[in-house]
Amino acid sequence: MTIALATQDTEQATSEHDRSFREDVLRGLALRPKQLAPKYFYDERGSQLFDDICALDEYYPYHVELELLPTVAADLSRFFRAEKNDELSIVEFGAGSLRKITPLLNNIDTVKNLTAIDISEEHLLNSCAELRRRYSGLDVTPLAQDFTLPLPLSQTGLTRMGFFPGSTIGNLHRQQALEFLHNAGQTLGSGAYLLIGVDTKKPEHILHQAYNDPRGVTANFNKNILTRINRELDGDFDLMHFGHHAFYNKEHGRIEMHLRSLRAQRVQIAAREFYFAKGESIHTENSYKYHPSEFATLARKAHWHTRRLWMAPDDLFAISLLQYKPATTKIDDR
Ligand code: AVJ
């Protein structure tokens, strides 16, 4: 029953999504510097390319977090038992291929239901179907939408835990991250938990390699957004004349990805024309890196308190368990 309802919701979200894609692309390419939102990477092909990135040795955030998760899950199982929260409802933000939920489900036997939110509908529905086959007692609800939007969650009476792995929060700049944390708190409710994976600051060459793999998978992932614009918005980008450019911006503590115009050129999109100077770039993604203490301070500003912190070997990645305790009075909010 939940499944039928969720399907209706996703159909609505999809047409809205198509409209905003067109508007966002036209608006973003009219800005200086030109920019596109990273959520638009994830059409069917883009989601596949992201999975290919995760298979690369250079892309450490995926492997390192996945290796840390069984330990986290075993600790969590004990933690929730001690807190007397017997049954758990998990909401995964930006669920993608749903590979990271497995260690949690295998180690915590009190998870009753899972709401999986992801913008890539096909990909999400396939992953949810597979999960249902593997965990027959689990109630799985897909929601195909932008995970930063408010969620229509039904009351369950269970303890809620948001799950936001992969350092996807790194795509958001500080203000957006605060907004996300605030909204997640409002949706999940007072006392709820959020298990969040956050990539750390580290020697630059490690970061550089992760976003400049020698096989060019990341470059293809980046350029796929142009292919998508060509197909869905009647564009005529020539992929030969754009280059992948990713670097660590130390001042802002983030990896930036750009698509750089390799020559002066004009591009048509939805019957409009856009001019690119040689060397001009489209900023397609930020991936912020946080020291664990930096992240705890940010979360605290949105009333999320750090209850546990797990660090991967060499501090390559961090996973935090936060708890939402919104201030009840203004005096509290210092
Ligand atoms: C899925 C947003 C966490 O920022 O590392 C991977 C996306 N971009 N390689 C990241 C990505 C280039 C990834 N996130």
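## The aromatic cluster

Phe41, Tyr42, Phe50, Tyr59, Tyr211 and Phe221 form one aromatic cluster. The model that shows this cluster is predicted. Across the structure, the count comes to 21 aromatic pairs.

One of these pairs is Phe21 with Tyr40. The two ring centres lie 4.8 Å apart. The planes meet at 50 degrees, and the pair is tilted. This pair links distant parts of the chain. Phe21 belongs to helix 1, while Tyr40 sits in the loop between strand 1 and helix 2. The two residues are 19 residues apart. Phe21 is buried, at 1% relative accessibility. Tyr40 is buried too, with a relative accessibility of 1%.

Phe50 and Tyr59 make another pair, with ring centres 6.1 Å apart. Their planes stand at 80 degrees, so this pair is edge-to-face. How exposed is Phe50? Phe50 is partly exposed, with a relative accessible area of 26%. Tyr59 is buried, and its value is 9%.

## Around the ligand

Tyr59 also appears beside the ligand. The ligand has 14 residues around it. Tyr59, Gly166, Tyr211, Glu285 and Ser287 come nearest. Two of these names, Tyr59 and Tyr211, are also members of the aromatic cluster.

Which side chains put polar atoms beside the ligand? Tyr59 is one of them: an N or O atom of its side chain is 2.5 Å from an oxygen atom of the ligand. Glu285 is another, with a polar side-chain atom 2.6 Å from a nitrogen atom of the ligand. Ser287 has a side-chain N or O atom 2.7 Å from an oxygen atom of the ligand. Taken alone, the ligand exposes 350 Å². The protein buries 97% of that area.

Three elements give two or more residues to the shell around the ligand. They are helix 2 (44–54), helix 8 (217–232) and strand 11 (281–288). By class, the shell has seven nonpolar residues, six polar residues and one charged residue.

## Two cysteines without a disulfide

How many disulfides does a search of the whole structure find? The search finds zero. A disulfide is a covalent bond between the sulfur atoms of two cysteines. For Cys54, the closest cysteine sulfur is in Cys128. That sulfur is 17 Å away, too far for a bond. The cut-off for a disulfide is 2.5 Å between the sulfur atoms.

The view from Cys128 matches: its nearest cysteine sulfur is that of Cys54, 17 Å away. Cys128 is in no disulfide. Are these cysteines buried or exposed? Cys54 is buried, at 3% relative accessibility. Cys128 is buried, with a relative accessible area of 0%.

## Backbone points to look at

Begin with the peptide bond between Arg32 and Pro33. This bond is cis, with omega at about -5 degrees. Pro33 lies in the loop between helix 1 (2–30) and strand 1 (34–35).

Next come two residues with a positive phi. Ser167 is not a glycine, yet its phi is positive, at about 60 degrees. Ser167 is in the loop between strand 5 (159–164) and helix 6 (174–188). Its relative accessibility is 7%, and Ser167 counts as buried. Asp314 is not a glycine either, and its phi is positive at about 60 degrees. Asp314 is in the loop between strand 12 (304–311) and strand 13 (317–324). Is Asp314 buried or exposed? Asp314 is exposed, with a relative accessible area of 71%.

## Gln323 and its partners

Strand 13 holds Gln323. Gln323 is buried, and its relative accessible area is 8%. Which side chains does Gln323 contact? One partner is Tyr193, through a side-chain polar contact of 3.3 Å. Another is Arg307, where the polar contact between the side chains is 2.5 Å.

How values were computed
Residues are numbered from 1 along each chain as its sequence is written. This is a predicted model: local features need pLDDT of at least 70, side-chain atom pairs count only at pLDDT 80 or more; totals for chains, interfaces and linings use all residues. Side-chain values use heavy atoms; hydrogens and water are left out. Helices (H or I, at least four residues) and strands (E, at least two) are DSSP runs, numbered from the N terminus. Buried means under 20% relative accessible area, exposed over 50%, partly exposed in between (1.4 Å probe, protein chains only). A residue is near a molecule or strand if one of its heavy atoms lies within 4 Å of it. A polar contact is a pair of N or O atoms within 3.5 Å; within protein, one must be able to donate a hydrogen and the other to accept it, and residues adjacent in sequence count only if both atoms are side-chain atoms. Accessible areas come from the Shrake-Rupley method with a 1.4 Å probe; for residues, only the protein chains shown count as cover. Ala, Val, Leu, Ile, Met, Phe, Trp, Tyr, Cys and Pro count as nonpolar, Asp, Glu, Lys and Arg as charged, and the others, Gly among them, as polar. Rings of Phe, Tyr and Trp (its six-membered ring) pair if their centres lie within 6.5 Å; planes under 30 degrees apart count as stacked, over 60 as edge-to-face and the rest as tilted.
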